[in-house]
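Please find below my note on the structure under review. It is set out as numbered points for discussion.

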Amino acid sequence: VQLQASGGGLVQAGGSLRLSCAASGRTFSSHVMGWFRQAPGKEREFVGTIRWGAGTNYYADPVKGRFAISRDNAKNTVYLQMNSLKPEDTAVYYCARGRSVSSDYRTYDYWGQGTQVTVSS
């Protein structure tokens with residue numbers, strides 16, 4: 001499985017960005033795709049997760065109501081729509097594949113290369 005994240009960039013506070021994560025290789029409805037982020041000098045932080053099959057999305061408290069994860073199974077692509085961005089959202093954003101819903105990055109076995117998101121004040 002290979003994951004390719006894209007869509008990062010520089011945006012002003014209050015703006016929006018949509019990140020994409022294209023997965024190559026076979027995916028199963030039981031697998032989950034997670035988004036994480038890591039700011040300089042900080043631990044990798046859970047953002048949210050979605051199943052390839054049916055199920056509830058989960059989000060970290062700091063992004064609830066502002067971020068939304070969706071998927072296009074036909075394209076094997078997962079999206080992270082980020083609205084009302086804040087300077088504290090600045091980080092490298094990673095997508096990852098996991099076998100179960102979890103906020104623990106150690107349970108995800110395949111990772112994309114990361115895409116930089118910078119929010120200016």
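The points below treat the disulfide, the backbone and the nonpolar cores in turn.

1. The coordinates come from a predicted model, and the remarks that follow should be read on that basis.

2. The model has 1 disulfide. It is formed by Cys21 and Cys95, whose sulfur atoms lie 2.1 Å apart. The two cysteines belong to distant parts of the chain: Cys21 sits in strand 3 (residues 17–24) and Cys95 in strand 9 (residues 91–98), with their positions 74 residues apart in sequence.

3. The handedness of this disulfide can be assigned. The torsion about the S-S bond of Cys21 and Cys95 is about 70°, so the disulfide is right-handed.

4. Are the two cysteines buried or exposed? Cys21 has a relative accessible area of 0% and is therefore buried, the limit for that class being under 20%. Cys95, at 1% relative accessibility, also counts as buried.

5. Two backbone conformations merit attention. Most residues other than glycine have a negative phi. Asn76, which is not a glycine, nevertheless has a positive phi of about 50°; it is placed in the loop between strand 7 (67–72) and strand 8 (77–82).

6. Ser84 is the other case: it too is not a glycine, and its phi is positive at about 50°. This residue lies in the loop that runs between strand 8 and strand 9. With a relative accessibility of 41%, Ser84 is classed as partly exposed, because that class covers values between 20% and 50%.

7. The largest nonpolar core comprises 25 residues, and the members that touch the most others are Trp35, Phe67, Leu80, Met82 and Tyr93. At least two residues each are supplied by strand 1 (2–6), strand 3, strand 4 (32–38), strand 5 (45–51), strand 7, strand 8, strand 9 and strand 11 (115–120). Strand 3 provides the largest share of this core, with 4 residues.

8. Which residues does Tyr93 touch, leaving aside those up to four places away in sequence? Its contacts are Leu19, Phe36, Arg37, Val47, Phe67, Leu80, Met82, Gly114, Thr115 and Val117. Among them, Phe67, Leu80 and Met82 are also named with Tyr93 as the core members that touch the most others.

9. A second core, separate from the one above, has 6 residues, including Val32, Phe36, Phe46 and Tyr108. Phe36, a member of this second core, is also one of the residues touched by Tyr93.

Definitions and conventions
Residues are numbered from 1 along each chain as its sequence is written. This is a predicted model: local features need pLDDT of at least 70, side-chain atom pairs count only at pLDDT 80 or more; totals for chains, interfaces and linings use all residues. Side-chain values use heavy atoms; hydrogens and water are left out. A disulfide is a pair of cysteine sulfur atoms within 2.5 Å. Buried means under 20% relative accessible area, exposed over 50%, partly exposed in between (1.4 Å probe, protein chains only). A nonpolar core is a set of buried Ala, Val, Leu, Ile, Met, Phe, Trp, Tyr and Cys residues joined through side-chain atoms within 4.5 Å. Contact means heavy atoms within 4.5 Å.
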